[in-house]
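Colleague: I would like a close look at one part of this model, taken slowly and with the reasoning spelled out. Please give me one connected answer rather than a list.

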Protein chains: 2
Amino acid sequence: MSIGEQHIVRSFDEELRRLDDGLARMCGLTEAQVAGALKALAERDLAAAARVAEGDRLVDECERFVEEQTLRLLALRAPVADDLRMVVTCLKVATNIERVADHAASCARRVLGLAQQPTPAPMRAVLRLGLLAQQLLKESFDAFLSRDADRARAVWARDQEADALYSSLFREILTHMMEDPRTITVGSHLMFIAKNLERIGDHATNIAEMAVFLSTGRTLSGERPKNDRSSFESGAA
Amino acid sequence: MSIGEQHIVRSFDEELRRLDDGLARMCGLTEAQVAGALKALAERDLAAAARVAEGDRLVDECERFVEEQTLRLLALRAPVADDLRMVVTCLKVATNIERVADHAASCARRVLGLAQQPTPAPMRAVLRLGLLAQQLLKESFDAFLSRDADRARAVWARDQEADALYSSLFREILTHMMEDPRTITVGSHLMFIAKNLERIGDHATNIAEMAVFLSTGRTLSGERPKNDRSSFESGAA
């Protein structure tokens with residue numbers, strides 16, 4: 001390999017490292033946003049909720065950096081084959097992370113609808129779903145950033161757990177609203193919060209799939225152990 | 001220009017045309033999915049709902065084609081500057097279209113929860129929101145496929161209309177549930193359907209923004225006339 005070729009190889013790696021740094025920053029910010037939203041929810045803390053709602057634009061800025069860096073890499077290095085697929089996959093991961101942050105901000109905004117109300121009974125189960133989504137997300141981020149296929153497969157296998165928890169929670173909130181119609185407004189906010197948390201779990205699973213692809217070059221899609229019945233009962237997207 | 005260069009130029013346009021054909025097919029399928037979901041909803045037609053739920057994978061296949069074609073274009077032609085930005089924007093448009101189709105499929109699945117129930121009073125307003133979302137979507141697709149910036153700007157300016165309709169609908173469904181707690185289950189499905197329809201309008205606005213960018217090279221983001229208060233009241237994502 002000539003010195004010129006070595007220089008090009010090193011530069012591509014350097015550009016990739018910048019892309020990965022951007023993604024790592026995006027993961028960190030988004031984990032903090034999800035943690036903030038759950039804290040705001042658990043403590044019905046309006047100031048914390050407002051901070052999360054406001055913080056969403058930092059994640060958006062991060063996504064723009066990742067996108068610019070991707071365009072830079074494509075323009076300057078014109079990667080092909082596996083390298084190209086890896087760069088485009090990073091762009092897709094960024095889209096998923098940005099969606100997670102959107103869901104966290106939505107949860108935070110809903111906290112305003114719950115303020116000055118007694119703690120609704122299903123809150124405990126909502127927070128349990130939140131904790132699970134948070135764990136799946138952390139694992140998927142770690143698996144992705146460390147290109148650890150085994151860790152990613154473990155997240156992927158747990159998708160059903162979040163789906164099942166969401167389905168039972170949906171029924172619990174409905175029952176709660178029927179037993180005490182004064183809780184209908186609060187219950188409807190809880191339903192959307194639960195949906196946001198379940199969607200965070202879905203995005204974690206998407207990111208895990210992409211992490212497997214990045215570390216092995218093979219896809220997992222099509223084999224996803226998706227609980228179709230639950231999505232029919234309680235709606236998917 | 002040498003014959004060799006002419007050949008390369010023509011080939012790039014040819015590859016672009018294939019990418020655009022894929023996107024046009026994806027737009028057509030997705031419009032049909034949204035129309036099918038609204039019809040299933042209006043007529044509480046379970047067979048039609050099942051067809052839409054099943055048809056979602058055709059849109060997913062289309063998205064995979066667009067992605068493969070994008071990778072092919074990037075690998076074979078290594079576009080730079082404006083061409084590169086255009087290709088990556090097409091990939092982002094495809095992501096938005098796929099999300100629209102997901103929302104249509106979710107609406108269709110919810111129809112199962114409404115079956116064998118009397119028509120709930122807020123259904124009329126839900127269908128009105130559906131019609132608006134469908135119009136915004138069609139306009140955004142046409143603007144994008146014909147690279148018509150004026151048409152795209154018109155979609156973009158109407159985003160607030162869908163947001164306002166959704167907010168008033170959310171309150172109407174809540175009131176309906178409170179007045180007659182037997183409608184709580186149906187009402188909660190209607191809420192999620194309304195949210196799906198409002199999200200379709202959001203994606204239409206995103207696509208319109210990208211259409212403006214593709215025809216003018218300038219972005220609209222940041223100036224979006226977003227009704228922030230309504231999203232605080234009734235949750236965003």
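Colleague: Is A:Asp21 buried or exposed, or does it count as something in between, and what is its relative accessibility?

Modeller: Bear in mind throughout that this is a predicted model. A:Asp21 has a relative accessibility of 36%, and because the partly exposed class lies between 20% and 50%, A:Asp21 counts as partly exposed. The side chain of A:Asp21 is engaged in a salt bridge with A:Arg17, in which the closest N and O atoms are 3.0 Å apart. Both residues belong to helix α1 of chain A, where a spacing of four residues puts about one turn of the helix between them.

A:Arg17 also forms a salt bridge with A:Glu14, with 3.2 Å between the closest N and O atoms. This second pair likewise lies in helix α1, which covers residues 3-42, and here the spacing is three residues, again about one turn. As for their surroundings, A:Arg17 is partly exposed because its relative accessibility is 43%, and A:Glu14 is partly exposed because its value is 39%. In general terms, side chains of opposite charge can pair when their charged atoms come close.

A pair in helix α7 of chain A offers a useful counterpoint. A:Asp202 and A:Arg199 meet in a salt bridge at 2.9 Å, N to O, and because they are three residues apart in that helix (residues 184-216), about one helical turn separates them. Here, however, both A:Asp202 and A:Arg199 are buried. Elsewhere in chain A, salt bridges with shared partners link A:Lys138, A:Glu139, A:Asp142 and A:Arg151 into one network.

To place these pairs in context, chain A consists of eight helices and zero strands, and 55% of its 237 residues are buried. Over all chains, the search finds 36 salt bridges, while the count between chain B and chain A is four. One of those between the chains joins B:Arg85 to A:Glu68, with the closest N and O atoms 3.2 Å apart. On the side of chain B that touches chain A, α3(B) gives the most, with 13 residues, and by class that side has 22 nonpolar, ten polar and eleven charged residues. The contact draws 43 residues from each of chain B and chain A, and the area buried between them is about 3700 Å², with 69% of it from carbon and sulfur atoms.

How values were computed
Residues are numbered from 1 along each chain as its sequence is written. Chains are lettered from A and ligands numbered from 1 in the order in which they are written. This is a predicted model: local features need pLDDT of at least 70, side-chain atom pairs count only at pLDDT 80 or more; totals for chains, interfaces and linings use all residues. Side-chain values use heavy atoms; hydrogens and water are left out. Contact means heavy atoms within 4.5 Å. Buried area is the accessible area (1.4 Å probe) that two parts lose on being put together, summed over both. Helices (H or I, at least four residues) and strands (E, at least two) are DSSP runs, numbered from the N terminus. Ala, Val, Leu, Ile, Met, Phe, Trp, Tyr, Cys and Pro count as nonpolar, Asp, Glu, Lys and Arg as charged, and the others, Gly among them, as polar. Buried means under 20% relative accessible area, exposed over 50%, partly exposed in between (1.4 Å probe, protein chains only).
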